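Student: I should like to learn how to read the features of a protein model. May we go through one together?

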Amino acid sequence: MRVLVAGGAGYIGSVVTAALLEAGHEVTVLDDCSTGHADAVPDGARFVQAGLHDSSPVLAEVRPEAVLHFAAKSLVGVSQREPEDYWHTNVGGSLALLEAMRAVDCRRIVFSSTAATYGEPESVPIREDAPTRPTNTYGASKLAVDHMLTSYAVAHGFAAVSLRYFNVAGAAYGLGERHATETHLIPLALQVAAGTRESLTVFGQDYPTPDGTCIRDYVHVHDLAAAHLLALPAPAPGEHRVYNLGNGTGFSVQQVVDAVREVTGHPVPVVVGQRRAGDPAQLVASSDRIRADLGWAPVHTDLTGIVRDAWETTRALDSGDTPSAADVADQRG
């Protein structure tokens, strides 16, 4: 299948691109590299450096049969200070992409959505029918695209899937997280272990959880990629499906710190900060729907294994000695 991956130079997009190539698909990556890295685009994929608003001529040339859409701005705090950029890129850019798809009669899309669409949950685990009440512009912009996909499915016969990720972690195909502004817990803790950050700030130790720290759901990026390949052919024209993607087991911030200490052998000094406004005590996904519909289930569910994959790939990237896909598969077991 000819597939266009928007945002394929980013962390998740590059891993999914590698999985698509491994499965025999013909892949073109579209990315403006504002947050992605051109050298993260896997060998075998064609790369076009362009943004969503400029996607029309690229789609006209490639004429893909399907699109996987990862391109977005994703910093929650910045989305509150600079909402105009998030509406312009995440919503306006997605609209431009959908119109470019419609112009070349490409109507199959898998969209990278987020658990941030739910906001503060009423109960956990969170199901797809939970109320969607995002507490920031980032989550609101992603939810707007989810609604857009429903409209395009009904009006224009699109076959669409929105995959709502929880916390994506780990590494696959020699590809890992490389954000200029890092906000994710595991890579931040690994930066401390690598000596590029003095300490890790833990926001709150007085939550109603067993160890007082927040509990979050971590899904391995390799499992996430597998879900995208299953979702790609799943919907019929006129259908928009929404699936949660998570491990289904929550790990606390303290458990993550302990796992990083175990894997790296570094003490990882911790500074305890105040709770952040809007941080729920627990966010854990129910992935029962995608399990029932598509047979997807996470394989890499061990927290220490997730951290080890991320640590080994981070060290390889820092040394310039990126492991091959086969090597990383061997490490995963």
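Tutor: Let us begin with a polar contact. The side chain of Ser287 reaches the backbone nitrogen of Gly246 at 3.0 Å. Please keep in mind that this is a predicted model.

Student: Which other backbone atom does the side chain of Ser287 reach?

Tutor: That side chain also reaches the backbone oxygen of Asn244, at 3.3 Å. Ser287 itself is found in the loop between strand 13 (282–283) and helix 9 (288–294). Leaving aside residues up to four places away in sequence, Ser287 touches Asn244, Leu245, Gly246 and Trp296.

Student: Is Ser287 buried or exposed?

Tutor: A residue counts as buried when its relative accessible area is under 20%. Ser287 has a relative accessible area of 8%, so it is buried.

Student: How should one read a sheet?

Tutor: The general idea is that strands of a sheet pair through backbone hydrogen bonds, either parallel or antiparallel. Here, an open sheet of seven strands has the order 3-2-1-4-5-6-10, and the pairing is parallel.

Student: Which strands are the edge strands?

Tutor: They are strand 3 (46–49) and strand 10 (240–245), each of which pairs on one side only. Neighbouring strands of this sheet are turned against each other by 20° on average, direction ignored.

Student: How many bridges join strand 2 and strand 3?

Tutor: Strand 2 (residues 26–31) pairs with strand 3 in the parallel sense over four bridges. As an example, Thr28 has Arg46 in strand 3 as its bridge partner.

Student: What can be said about the pairing of strand 4?

Tutor: Strand 4 pairs with strand 1 (residues 2–6) in the parallel sense over four bridges, and with strand 5 in the parallel sense over three bridges. The bridge partner of Ala6 in strand 4 is His69, while the bridge partner of Val67 in strand 5 is Ile109.

Student: How does one read the two faces of a strand?

Tutor: In a regular strand the side chains alternate between the two faces of the sheet. Both faces of strand 4 (residues 66–69) are covered: Ala66 and Leu68 are buried on one side, and Val67 and His69 are buried on the other.

Student: Which strands does helix 5 lie across?

Tutor: Helix 5 (residues 137–156) lies across strand 5 (108–114), strand 6 (159–165) and strand 10, and runs at about 155° to strand 5.

Student: How is a pair of aromatic rings described?

Tutor: A pair of aromatic rings is described by the distance of the centres and the angle of the planes. The count here comes to one aromatic pair. Tyr152 and Phe158 form this pair, which is edge-to-face, with 5.4 Å from centre to centre and 85° between the planes.

Student: Why do Tyr152 and Phe158 count as buried?

Tutor: The cut-off is again a relative accessible area under 20%. Tyr152 counts as buried because its relative accessibility is 10%, and Phe158 is buried because its relative accessible area is 0%.

Student: Where does Arg275 lie with respect to Tyr207?

Tutor: Arg275 lies over the face of Tyr207, at 4.0 Å from the ring centre.

Student: How should one read backbone angles?

Tutor: Most residues other than glycine have a negative phi, and most peptide bonds are trans. Against that background, the peptide bond from Val124 to Pro125 is cis, with omega near 0°. Pro125 lies in the loop between strand 5 and helix 5.

Student: Which residues other than glycine have a positive phi?

Tutor: Among them is Tyr173, with a positive phi of about 55°. Tyr173 lies in the loop between strand 7 (167–169) and helix 6 (185–194), and counts as buried at 14% relative accessibility. Val268 is another example, with phi near 50°. Val268 is found in the loop between helix 8 (253–264) and strand 12 (270–273), and counts as buried at 0% relative accessibility.

Student: To finish, what does the side chain of Ser55 contact?

Tutor: A polar atom of the Ser55 side chain lies 2.8 Å from the backbone oxygen of Leu52. Ser55 is in the loop between strand 3 and helix 2 (56–62). With a relative accessible area of 1%, Ser55 is buried. Not counting residues up to four places away in sequence, Ser55 touches Leu30, Ala96, Leu97 and Ala100.

How values were computed: Residues are numbered from 1 along each chain as its sequence is written. This is a predicted model: local features need pLDDT of at least 70, side-chain atom pairs count only at pLDDT 80 or more; totals for chains, interfaces and linings use all residues. Side-chain values use heavy atoms; hydrogens and water are left out. Two strands pair if DSSP finds at least two bridges between them. Helices (H or I, at least four residues) and strands (E, at least two) are DSSP runs, numbered from the N terminus. Axes are lines fitted to C-alpha atoms, for helices over the stretch in contact, and angles run from 0 to 180 degrees between N-to-C directions. Contact means heavy atoms within 4.5 Å. Buried means under 20% relative accessible area, exposed over 50%, partly exposed in between (1.4 Å probe, protein chains only). A polar contact is a pair of N or O atoms within 3.5 Å; within protein, one must be able to donate a hydrogen and the other to accept it, and residues adjacent in sequence count only if both atoms are side-chain atoms. Rings of Phe, Tyr and Trp (its six-membered ring) pair if their centres lie within 6.5 Å; planes under 30 degrees apart count as stacked, over 60 as edge-to-face and the rest as tilted. A charge sits over a ring if NZ of Lys or CZ of Arg is within 6 Å of the ring centre and within 35 degrees of the ring normal.
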